[in-house]
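Me: I should like to work through the structure shown below by way of questions and answers. Please reason briefly in each reply and end on the value or name requested.

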Amino acid sequence: MATASRDASHDPADSSERTPDHAFIEASEIDTDASESAYGDETESYTTSLKSSIRNYRYENGRRYHAFRDEAYFLPNDEIESDRLDLFHEILTRRCDGELYLAPLGPDPQRILDLGTGTGIWAIDMGDKFPSASVLGNDLSPIQPTIVPPNVRFEVDDIENDWVYGSKFDFIHGRYLAGAVKDWPRLMRQAFKFTKPGGWVEFQDFDMRFYTVKGEFTPGCPLDEWTKIVINGLKKVGVEPEPGPKLEGWVKEAGFTNVHHKLLPIPVGVWPKDKKLKEIGALDYHQFLEGLEGISMHIFTASEGWKPEEVQLFLMGLRKDLKNPRLQAQHNFHVVYAQKPLDAE
Ligand SMILES: C[S@@+](CC[C@H](N)C(=O)[O-])C[C@H]1O[C@@H](n2cnc3c(N)ncnc32)[C@H](O)[C@@H]1O
């Protein structure tokens, strides 16, 4: 409780105006005999225990999940999932013709923010590409490597909390946050506030639904059923399962201009004729088979009430379906980039 009165010798401009009562934080008793190094030890011990609490992972059906804001996110954060995310990075950058982003950034962006950075692979590549920039990646999970370029930093944070950065960014990026975010319009407003005038944002995300143009994928097939269950389960916990097609509207609503939207279908499997898409399809098929259990298990059991063995049985049927070369399934990846007007605050 804030009970202490303010020091009357303070400059009034320094106290009541800038420090409303609710901002007052009472300090704990200072041990007058303690040295600065003892204070340092106490800080260290708090940091260590907080660090260990964010690594106090939850285990469920043989998979590991994040600890910070437990239950906030449905995908595991173990090594299998990290490998899948790194593979996804390869797929998505290949789909963008080898580019890490499509926004027309200048040659020298200074401050770059990566929302929900995952393994940090994009942030690290950006740090390498722009050695004079500082790149910050945040995530609920501290699964990023510790040996990274000196201009790249990672933080455990919830991107749906109020952002508290001291200065604005030249570029804010968020990729593959399907199933992660509850309130996208609010996230976009925070991104607008923290982008420098003239700076850029870029969001890259999915439609979850699969479809075919000329293949044997049909509504009601196991892949279609699976997608419906995942979408339903994510909606039940209040997160947006399919942000991709809505990104353009949200960035416009937040005040960004110069909005560009690219729709890039991604094939599952080696069925495309085009060599580049065939390779992307091969990688996507692999990541999907690898990821099926991780994507499904928590949603099917916790949200939909399935037993783990029922999930495994269903996934066996789905894997078989995916092996049909005539299925020719694909899903849509959306890239939206936009600029904060130069005359905005
Ligand atoms: C599918 S991964 C994508 C990772 C990365 N953006 C990429 O494209 O490689 C989504 C990431 O978002 C993180 N995440 C989910 N909800 C979050 C939140 N509220 N705040 C911060 N990170 C979050 C997850 O922990 C996960 O690492």
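Me: Is D97 buried or exposed?
Reply: In this predicted model, D97 sits in the loop between helix 2 and strand 3. A residue counts as exposed if 12 or fewer other C-beta atoms lie within 10 Å of its own. D97 has 9 such atoms within 10 Å, so its class is exposed.

Me: Which sign does phi of D97 have, positive or negative?
Reply: D97 is not a glycine. Its phi is nevertheless about 55 degrees, and the sign is thus positive.

Me: Where does Y176 lie, and is it buried or exposed?
Reply: Y176 is a residue other than glycine with a positive phi, near 55 degrees. Its place is the loop between strand 6 and helix 4 (184-193). The cut-off for burial is 20 or more other C-beta atoms within 10 Å. Y176 has 21 of them, so this loop residue is buried.

Me: In what order do the strands of the open sheet run?
Reply: The sheet comprises 7 strands, and their pairing is mixed. Strand 5 (152-156) and strand 8 (257-267) each have a single partner strand, so they stand at the edges and one side of each lacks a neighbour in the sheet. From one strand to the next the twist averages 15 degrees. The order is 5-4-3-6-7-9-8.

Me: Which residue of strand 4 is the bridge partner of L113?
Reply: Strand 3 (residues 111-115) and strand 4 run parallel and are joined by 4 bridges. Within strand 4, the bridge partner of L113 is L136.

Me: What angle does the direction of helix 2 make with that of strand 8?
Reply: Helix 2 packs on the sheet, where it touches strand 6 (169-175), strand 7 (195-211), strand 8 and strand 9 (330-339). Between the directions of helix 2 and strand 8 the angle is about 115 degrees.

Me: How many of the 5 residues of strand 3 are buried?
Reply: Strand 3 is largely enclosed by the rest of the structure. This description follows because the buried residues among its 5 number 4.

Me: Which residues does H173 contact, leaving aside neighbours within four places in sequence?
Reply: H173 belongs to strand 6. It has 26 C-beta neighbours inside 10 Å and therefore counts as buried. With neighbours within four places in sequence left aside, the contacts of H173 are Y101, L113, D114, L115 and E202.

Me: How far apart in space are the C-alpha atoms of L87 and L283?
Reply: L87 is found in helix 2 and is partly exposed, with 17 other C-beta atoms within 10 Å. Beyond residues up to four places away in sequence, L87 touches L283, H286 and Q287. L87 and L283 are 196 residues apart in sequence, yet their C-alpha to C-alpha distance is 7.4 Å.

Me: What is the handedness of the crossing of helix 7 and helix 8?
Reply: The axes of helix 7 (residues 275-303) and helix 8 (residues 308-322) come within 10 Å and cross at roughly 145 degrees. As helix 7 passes helix 8, the crossing is right-handed.

Me: How many nonpolar residues take part in the contact of helix 7 with helix 8?
Reply: Helix 7 contributes L289, L292, E293, S296, M297, F300 and T301. These meet P308, V311, L315, L318, R319 and L322 of helix 8. By class, the contact has 2 polar and 2 charged residues, and its nonpolar residues number 9.

Me: Which element supplies the largest share of the shell around the ligand?
Reply: The ligand is surrounded by 23 residues, and the closest are G116, G118, I159, R175 and A180. At least two residues of the shell come from each of helix 2 (79-95), helix 3 (121-129) and strand 4 (134-139). The largest share is 3 residues, and its source is helix 2.

Me: How many residues of the shell around the ligand are charged?
Reply: The shell contains 12 nonpolar and 7 polar residues. Its charged residues number 4.

Me: What percentage of the residues of the protein count as buried?
Reply: The secondary structure of the protein comes to 8 helices and 9 strands. Among contacts between residues at least 6 apart in sequence, 69% join residues at least 24 apart. Of the 345 residues of the protein, the share that counts as buried is 35%.

Note on methods:
Residues numbered from 1 in each chain as written. Predicted model: local features only at pLDDT ≥ 70, side-chain atom pairs only at ≥ 80, totals over all residues. Near = placed C-beta within 6 Å. Nonpolar A, V, L, I, M, F, W, Y, C, P; charged D, E, K, R; others polar. Pairing = 2+ DSSP bridges. Axes fitted to C-alpha atoms, helices over the stretch in contact; angles between N-to-C directions. Contact = placed C-beta atoms within 7 Å. Left-handed = near helix turned anticlockwise from the far one by under 90°.
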